[in-house]
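Visitor: I would like a close look at a single part of this model, the largest pocket. Please set out what surrounds it and how the rest of the chain is arranged.

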Amino acid sequence: MRSDGRAFGQARHTCSVIFTGDWSLAAKEAEATNSLADRGVDVFTMHVDVPKVVVETAAKRGKMVCGYHASRAKPAPQAYLTGAELELADCVPDRH
């Protein structure tokens, strides 16, 4: 046991959420990302129409990001951890 009562390897994690109220409000997305970064959040994910603002804001703050629906590795390679990507081309029949 460690001096704080936790077993070795037992991490403390929290999850914080900010709802911006819309799918695409770049200013609010940047504000939310900065607010969470100021509170010590170090890994970000998002459910927005265009994740560019969250990814770039988090990366500029030295934080890490996880993608959602599409890779964010190209716009922020130093900050990208992982993500769930959808490849819809394999699901939609060829119409040509």
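Guide: Of the 96 residues in the protein chain of this predicted model, buried residues make up 26%. The chain exposes about 7200 Å², and carbon and sulfur atoms supply 54% of that area. Among contacts with a separation of 6 or more, 17% are between residues 24 or more positions apart.

The protein chain has two helices and three strands, and their pattern along the sequence is α-β-α-β-β. The three strands form an open sheet with parallel pairing, in the order E1-E2-E3. E1 and strand E3 (80–85) are at the edges, and each has a single partner strand, so one side of each has no neighbour in the sheet. Between E1 and E2 the parallel pairing runs over two bridges. In that part of the sheet, Phe44 stands opposite Val65 in E2.

Now to the pocket itself. The largest pocket holds about 790 Å³ of space. Its lining has 28 residues, and those closest to the centre are Ser16, Val17, Ile18, Leu36 and Thr45. Three elements give two or more residues to this lining: helix H1 (26–38), strand E1 (43–44) and strand E2 (64–69). H1 gives the most, with four residues. Two of the elements that contribute in this way, E1 and E2, are thus also the strands that pair in the parallel sense. By residue class, the lining divides into 15 nonpolar, nine polar and four charged residues.

One further residue can be described in terms of its surroundings. Thr57 is found in helix H2, which covers residues 52–60. The relative accessibility of Thr57 is 14%, and the cut-off for buried is under 20%, so Thr57 counts as buried. Leaving aside residues up to four places away in sequence, Thr57 touches Ala30, Thr33 and Asn34. These three positions fall within the range of H1, 26–38, the helix that gives the most residues to the pocket lining.

To return to the request, the part in question is a pocket with about 790 Å³ of space, lined by 28 residues, of which 15 are nonpolar. Helix H1 and strands E1 and E2 each supply two or more of the lining residues.

Definitions and conventions:
Residues numbered from 1 in each chain as written. Predicted model: local features only at pLDDT ≥ 70, side-chain atom pairs only at ≥ 80, totals over all residues. Heavy atoms only, no water. 1 Å grid on protein atoms, 1.4 Å probe; cavity = no way out; pocket = protein on both sides within 12 Å on 5 of 7 lines; lining within 4 Å. Points joined across faces, edges and corners; volume = space filled by probe spheres on them. Nonpolar A, V, L, I, M, F, W, Y, C, P; charged D, E, K, R; others polar. Buried < 20%, exposed > 50% of the residue type's maximum accessible area, 1.4 Å probe, protein only. Contact = heavy atoms within 4.5 Å. Areas by Shrake-Rupley, 256 points an atom, 1.4 Å probe, with all protein chains shown as cover. Pairing = 2+ DSSP bridges.
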